[in-house]
Amino acid sequence: PPALDVNLEPVTPDRHQRLARVIEETYQGTLDSPLLNGLRSPEDVLAGYRGVGTHRPELWLLVRYGNEDVGCLLL
């Protein structure tokens with residue numbers, strides 16, 4: 001497998017707030033739908049993601065670079 005400079009951590013219940021913070025940060029300054037910025041809480045966004053298809057929590061990962069959360073991978 002390719003070497004990565006990042007670590008992937010499963011989103012467990014104790015990491016949920018970190019995921020919500022990463023999701024919220026991805027919406028800051030987005031040009032996708034600027035009129036919708038700030039209208040939904042990170043919890044609402046995550047609930048919407050969970051409601052699409054079959055939710056497989058083991059496929060939700062936090063991406064860390066060093067000691068910092070830098071993204072997430074939601075499959």
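A residue is called buried here if its relative accessible area is under 20%. By that cut-off Asp69 counts as buried, because its relative accessible area is 15%. The model is a predicted one, and Asp69 makes a handy way into it. But first, the overall layout.

The chain has 75 residues, and 25% of them are buried. Its secondary structure amounts to two helices and three strands, which come in the pattern β-α-α-β-β along the sequence. The C-alpha trace spans about 40 × 30 × 25 Å along its principal axes. About 5,600 Å² of the chain is exposed, with carbon and sulfur atoms supplying 56% of that area. Take the contacts between residues at least 6 apart in sequence: 55% of these join residues at least 24 apart.

The three strands make up an open sheet, ordered E1-E2-E3 and paired antiparallel. Strands E1 (7-10) and E3 (68-74) sit at the edges with a single partner strand each, so one side of each has no neighbour in the sheet. From one strand to the next, the twist averages 30 degrees. Strand E2, residues 60-65, pairs with E3 in the antiparallel sense, and six bridges link the two. In one of these pairings, Arg64 has Asp69 of E3 as its bridge partner.

Then there are the helices. Helix H1 (residues 16-27) packs on the sheet and touches E1, E2 and E3. Its direction is at about 90 degrees to that of E3. Helix H2 covers residues 42-50, and its Pro42, Val45 and Leu46 are buried. Looking down the axis of H2, the buried residues fall within an arc of 95 degrees, so they line one face of the helix. Among the elements that cover these buried residues are H1 and E2.

Back to Asp69, which lies in strand E3. What does the side chain of Asp69 join through polar contacts? One such contact, of 2.9 Å, is with the side chain of Arg18, and another, of 2.7 Å, is with the side chain of Arg64. Arg64 thus turns up twice, since it is also the bridge partner of Asp69. With neighbours within four places in sequence left aside, Asp69 is in contact with Arg18, Val22, Leu62, Val63 and Arg64. Arg18 and Val22 fall within the residue range of H1 (16-27), while Leu62, Val63 and Arg64 fall within that of E2 (60-65).

Key
Residues are numbered from 1 along each chain as its sequence is written. This is a predicted model: local features need pLDDT of at least 70, side-chain atom pairs count only at pLDDT 80 or more; totals for chains, interfaces and linings use all residues. Side-chain values use heavy atoms; hydrogens and water are left out. Two strands pair if DSSP finds at least two bridges between them. Helices (H or I, at least four residues) and strands (E, at least two) are DSSP runs, numbered from the N terminus. Axes are lines fitted to C-alpha atoms, for helices over the stretch in contact, and angles run from 0 to 180 degrees between N-to-C directions. Contact means heavy atoms within 4.5 Å. Buried means under 20% relative accessible area, exposed over 50%, partly exposed in between (1.4 Å probe, protein chains only). The arc is that of the directions from the helix axis to the C-beta atoms. Accessible areas come from the Shrake-Rupley method with a 1.4 Å probe; for residues, only the protein chains shown count as cover. A polar contact is a pair of N or O atoms within 3.5 Å; within protein, one must be able to donate a hydrogen and the other to accept it, and residues adjacent in sequence count only if both atoms are side-chain atoms.
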